[in-house]
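Open the model in your viewer, get the selection box ready, and let's take a walk through it together.

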Amino acid sequence: MKSTLRTVRLALAEPLRISRSTMAARDAVWLTVEHDGLRGHGEAVTSVYHGLDTETLVRLLSAVDLSRFPDPESALEALRTGQWPVGDLPPAVTAAVESALLDLIGKRAGAPVHRLLGAAAPPVVATARTIGITTLARAAAQARNLVASGFAIIKVKAGTPDPEDDVERVRVIRDAAPRARLLLDPNGAWSVAQADTLLPRFAALGVEAVEQPLAPGDPDALGALAERAPLPVIADEDAVDLADVRRLAGRVHGVNVKLAKCGGVHAALRIRDALEGSGTELMLGCLTASTLGLAPAVHLADRARWADLDGHLLLAHDPWDGIGGTDGVVRASDRPGLGIEEVAARADVA
């Protein structure tokens with residue numbers, strides 16, 4: 001097997017503001033693994049929050065030695081069982097390698113990734129679509145447009161210095177989209193006192209659940225908040241890996257699993273198994289990325305209560321195609337592998 005890398009700039013259609021930052025673009029590094037004339041693909045994206053810049057991703061992915069394995073199946077088995085790679089690779093890198101191997105193995109077997117993972121039918125699920133911290137007029141207009149396009153779930157970013165601004169943004173979104181399911185995500189911006197004051201008000205506006213209302217680092221506080229909160233509390237930044245999830249299982253209502261955060265689809269499946277019977281449910285989330293970065297999660301999407309797989313929809317131009325989403329529904333393909341295709345003419349290759 002041989003592998004190659006490409007670096008691509010992914011520009012957003014408009015800047016996305018959350019409580020801790022505003023993002024207008026990010027870099028993606030594409031890994032292509034080739035064996036016997038077939039190619040598999042994976043993507044890792046830069047993240048300031050996770051300390052991954054383009055140079056670091058390229059260095060780490062370049063160091064992944066696939067030539068030691070006779071075929072992608074043996075490489076994936078070693079990756080899945082923790083026998084390889086040697087070293088402490090960030091989960092985003094592991095997820096990209098796993099994606100490329102799954103894509104290649106699926107193509108070799110003539111089977112889609114979801115079938116390799118034990119599902120008979122291609123997952124088809126409604127996804128949330130994010131509205132960032134923006135003006136009230138813009139938030140209302142976005143909500144109306146999303147509902148008109150078919151979206152039934154809207155995720156609203158919160159965590160402004162003045163919490164009343166968040167309340168009013170949710171209020172105008174609710175007025176503009178009265179039948180939409182609303183999720184709220186302050187990205188850890190609130191204190192315990194603020195969360196206790198604000199959550200009843202958001203519950204009264206019909207918010208279905210809130211992600212990571214408290215700053216990460218104190219899962220006991222998050223669990224205690226969940227016990228008394230008037231709406232479901234979902235852990236995100238406090239639920240990075242399997243050990244985190246085990247500490248939170250049964251204490252929060254949900255955990256947001258992102259493949260780039262936990263290490264890929266097999267890690268996500270281990271988390272799902274750990275949650276079984278605990279009362280804590282699975283949310284599948286994502287980073288802002290292309291269809292290539294989101295496709296592995298879409299092949300798992302029917303195993304989650306909530307799907308927040310809209311990262312590719314935030315881009316000005318998505319250089320890959322094959323999971324849909326513009327109508328509010330993401331769909332895994334029944335074609336071999338990830339079932340996606342590069343739209344070469346739109347790829348801004350660095």
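This tour goes from the sheet to its charged pairs, and then on to the cavities and pockets.

**Stop 1: the sheet**

Before you click anything, keep in mind that this is a predicted model. Switch to a cartoon view and look for an open sheet made of eight strands. Trace across the strands in the order 5-6-7-8-9-10-11-12, and you'll be following parallel pairing. Which strands stand at the edges? Select 128-131 for strand 5 and 306-307 for strand 12: each has a single partner strand, so one of its sides is left without a neighbour in the sheet.

Now step inward. Select residues 153-157, which make up strand 6, along with residues 181-185, which make up strand 7. These two run parallel and are joined by five bridges. Show Lys157 as sticks and look across to strand 7, where Asp185 stands opposite.

**Stop 2: charged pairs**

Side chains of opposite charge can pair when their charged atoms come close. The model holds 28 salt bridges, and we'll visit a few of them.

Stay with strand 6 and select Lys155, then add Asp308. Their closest N and O atoms are 2.5 Å apart, in a salt bridge. Asp308 sits in the loop between strand 12 and strand 13 (320-321), while Lys155 belongs to strand 6, so this pair ties together parts that are 153 residues apart in sequence. Are these two buried or exposed? Anything under 20% relative accessible area counts as buried. Asp308 has 3%, so Asp308 is buried, and Lys155 is buried too, at 4%.

Next, select helix 6, residues 163-176, and show Arg169 and Asp166. They form a salt bridge, with 3.2 Å between the closest N and O atoms. The two are three residues apart in the helix, which means that about one helical turn separates them. Arg169 is buried, with a relative accessible area of 0%, and Asp166 also counts as buried at 0%.

Hop over to helix 9, residues 242-248, to find Asp244 and Arg247. Their side chains meet in a salt bridge at 2.4 Å, N to O. Here again, the partners are three residues apart, or about one helical turn. Check the surroundings of each one: Asp244 counts as buried at 14% relative accessibility, whereas Arg247 is partly exposed at 49%.

For a bigger picture, select Lys155, Lys157, Asp185, Glu211 and Asp308 together. Salt bridges that share partners join these five into one network.

**Stop 3: the cavities**

How many cavities of 30 Å³ or more does the structure hold? There are two. Begin with the largest cavity, which has about 230 Å³ of space. Its lining has 19 residues, and the closest to the centre are Glu43, Leu259, Ala260, Gly293 and Leu294, so click those on. To see where the lining comes from, colour strand 3 (38-45), helix 3 (91-109), helix 10 (259-262) and helix 12 (291-298), each of which supplies at least two residues. Helix 12 gives the most, with five. By class, the lining has 14 nonpolar, three polar and two charged residues.

The second largest cavity has about 30 Å³ of space. Select Ala268, Leu269, Arg272, Leu282, Leu284, Leu300 and Arg303 to see its lining. Helix 11 (265-275) and strand 11 (281-284) each give two or more of these residues. Helix 11 gives the most, with three.

**Stop 4: the pockets**

Turn on the surface for our last stop. The largest pocket has a volume of about 690 Å³. Among its 35 lining residues, Ile18, Arg20, Met23, Arg26 and Leu287 lie nearest the centre. Strand 2 (22-35) and strand 6 each give two or more residues to the lining, and strand 2 gives the most, with four. Sort the lining by class and you get 11 nonpolar, 11 polar and 13 charged residues.

Finish at the second largest pocket, with about 430 Å³ of space. It is lined by 20 residues; select Thr94, Cys262, Gly263, Ala267 and Arg270, the closest to its centre. Which element supplies the largest share of this lining? That's helix 11, with four residues. The lining divides into nine nonpolar, five polar and six charged residues.

Conventions:
Residues numbered from 1 in each chain as written. Predicted model: local features only at pLDDT ≥ 70, side-chain atom pairs only at ≥ 80, totals over all residues. Heavy atoms only, no water. Pairing = 2+ DSSP bridges. 1 Å grid on protein atoms, 1.4 Å probe; cavity = no way out; pocket = protein on both sides within 12 Å on 5 of 7 lines; lining within 4 Å. Points joined across faces, edges and corners; volume = space filled by probe spheres on them. Nonpolar A, V, L, I, M, F, W, Y, C, P; charged D, E, K, R; others polar. Salt bridge = Lys/Arg side-chain N within 4 Å of Asp/Glu carboxyl O. Buried < 20%, exposed > 50% of the residue type's maximum accessible area, 1.4 Å probe, protein only.
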